[in-house]
Structures are given as C-alpha cells and as structure tokens.
Amino acid sequence: MTLRIHDGCEATAIRTPLEGGLLGWAAVAMLGVCVVGVRVVPRPLAPFVLRFARMWVAGLFCFFGGVHRGASFYNPRGPQLSDPVIFLAMHFMGLGIMILPPQAAWRLAAPGMLATLGGDLYLARGHRLPRFFLRLRPLQLIVASGLIALLGQVEQAHAGRD
C-alpha cells in the first residue's frame, strides 16, 4: 500500500500537491546543504562534497527526464515525438555532468537547469506536464540554478588553490 498525501490526480492538479512540493524542494535543499557543507568541512573533504553535489545535479537531470517521460503517458493525445527526445536529452545532460571535468560540468548545469525551467513551463501551459508546474517550477529551478552556479564558483576557487 502506498501512502499518498495528495488526494486526486496530480496530472490535473492546479495547486502544487503537498508531496510534490515537499519532495521538489527537498531535492533543491540538498544543493543548499552542499553549499554549506563545502564551506564547513575540513579542506581535504571539500572535493568529496563537490563531487557529491555534481552527482546530485546529474541525478536531478535524470529524474526530470523521467518526469517528462512519465507525464507523457497521461497526455490525452498520447506520447508525442518530442517526449522521448526530451527524456534522452535530459539523461545525456545528467551523464555529461557526471563524466565531464568539473568546470565544464558546472558551466553546463546552471544553463541546463534554466532550459529545463523554460521547457517545463512551455509543456505545462500546453497541458503536457501537470499544471501545478507553472507554480512550482519557476522558483524551484531558479533557486536550483543559483545554487548550482554558486557550487561551480566554489569548485573553481578550490581548483585555483590547488
């Protein structure tokens, strides 16, 4: 049995379901934890925190790709050709962030998150993603982009000291 906080169909929800908001913001909050963590851990441990943060961001892109693919099954018109393209692009973005050198990965991640925001808003307006994304995603992904940019700057500063 699955415990659900939201009562109803998330695909048609206009207001952000509590569980969607909590889980969505928890994912972004982890980036904030990483920003704080890299500043408070002993210097030799900072690269591990930064590596974890990059893996977290890569995981976010893969997760968002899965959200897009899953939402396509609820589209009354059925999946569109762009749905698997978006799914694959977001997964490759996540993979790229994992395997690229840190500076390149961070430079790619923040604009990629903003592109995700633009795409999510476009698709939510077209009823291809839940309508509550119009409320949840702007602040969520702008904050995530800011934290990602900050983590990239911290990584660059750490690389300059070595």
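What is the handedness of the crossing where H3 passes H4? It is left-handed, and the first close-up takes up that pair.

**View 1. H3 against H4 in a predicted model.** Keep in mind that everything here comes from a prediction, not an experiment. Helix H3 covers residues 82–99, and its axis sits 10 Å from that of H4, at an angle of about 160 degrees. That makes the two helices roughly antiparallel, since anything over 145 degrees gets that label. On the H3 side of the contact you'll find Ile86, Met90, Met93 and Ile97. They meet Ala105, Leu108, Ala109, Gly112, Thr116 and Leu123 of H4. Sorted by class, this contact has 8 nonpolar and 2 polar residues, with no charged ones.

**View 2. His68 and what it touches.** His68 belongs to helix H2. With a relative accessible area of 7%, the residue counts as buried, because the cut-off is under 20%. Setting aside residues up to four places away in sequence, His68 touches Ile86, Met90, Asp120, Leu123 and Leu129. Some of these names will be familiar from View 1: Ile86 and Met90 are on the H3 side of the H3–H4 contact, and Leu123 is on the H4 side.

**View 3. H2 packed on H5.** Here helix H2 (residues 46–72) runs alongside helix H5 (residues 133–161), with 11 Å between the axes and an angle of about 150 degrees. The pair is therefore roughly antiparallel, and the crossing is left-handed. From H2, the residues involved are Ala46, Leu50, Ala53, Arg54, Val57, Phe64 and Val67. Their partners in H5 are Phe133, Arg137, Leu141, Ile148, Leu151, Val154, Glu155 and His158. The class tally for this contact is 11 nonpolar, 1 polar and 3 charged residues.

**View 4. His158, a buried histidine in H5.** Zoom in on His158, one of the H5 residues that meet H2. Its relative accessible area is 12%, so it counts as buried. Beyond its neighbours within four places in sequence, His158 is in contact with Val38, Arg43, Ala46 and Leu50. Ala46 and Leu50 are also listed on the H2 side of the H2–H5 contact.

**View 5. H4 beside H5.** The axes of H4 and H5 lie 8 Å apart, and the angle between them is about 175 degrees. That makes this pair roughly antiparallel as well. The residues in contact divide into 19 nonpolar, 5 polar and 4 charged.

**View 6. His127 in the loop between H4 and H5.** Helix H4 (102–125) leads into a loop before H5, and that is where to look for His127. The backbone deserves a glance: phi of His127 is near 65 degrees, a positive value in a residue other than glycine. For context, most residues other than glycine have a negative phi. Is His127 buried or exposed? At 52% relative accessibility, His127 counts as exposed, because the cut-off is over 50%. His127 and His158 are 31 residues apart along the chain, and their C-alpha atoms are separated by 44 Å.

**View 7. Confidence across the model.** The mean pLDDT of the protein is 88, and 92% of its residues reach 70 or more. Among the elements, helix H1 (residues 18–40) has the lowest mean pLDDT, at 92, while H4 has the highest, at 94.

Note on methods. Residues are numbered from 1 along each chain as its sequence is written. This is a predicted model: local features need pLDDT of at least 70, side-chain atom pairs count only at pLDDT 80 or more; totals for chains, interfaces and linings use all residues. Side-chain values use heavy atoms; hydrogens and water are left out. Axes are lines fitted to C-alpha atoms, for helices over the stretch in contact, and angles run from 0 to 180 degrees between N-to-C directions. Helices (H or I, at least four residues) and strands (E, at least two) are DSSP runs, numbered from the N terminus. Angles under 35 degrees count as roughly parallel, over 145 as roughly antiparallel, 65 to 115 as roughly perpendicular and the rest as oblique. A crossing is left-handed if the near helix is turned anticlockwise from the far one by less than a right angle, and right-handed if clockwise. Contact means heavy atoms within 4.5 Å. Ala, Val, Leu, Ile, Met, Phe, Trp, Tyr, Cys and Pro count as nonpolar, Asp, Glu, Lys and Arg as charged, and the others, Gly among them, as polar. Buried means under 20% relative accessible area, exposed over 50%, partly exposed in between (1.4 Å probe, protein chains only). pLDDT is the predictor's confidence in each residue, from 0 to 100.
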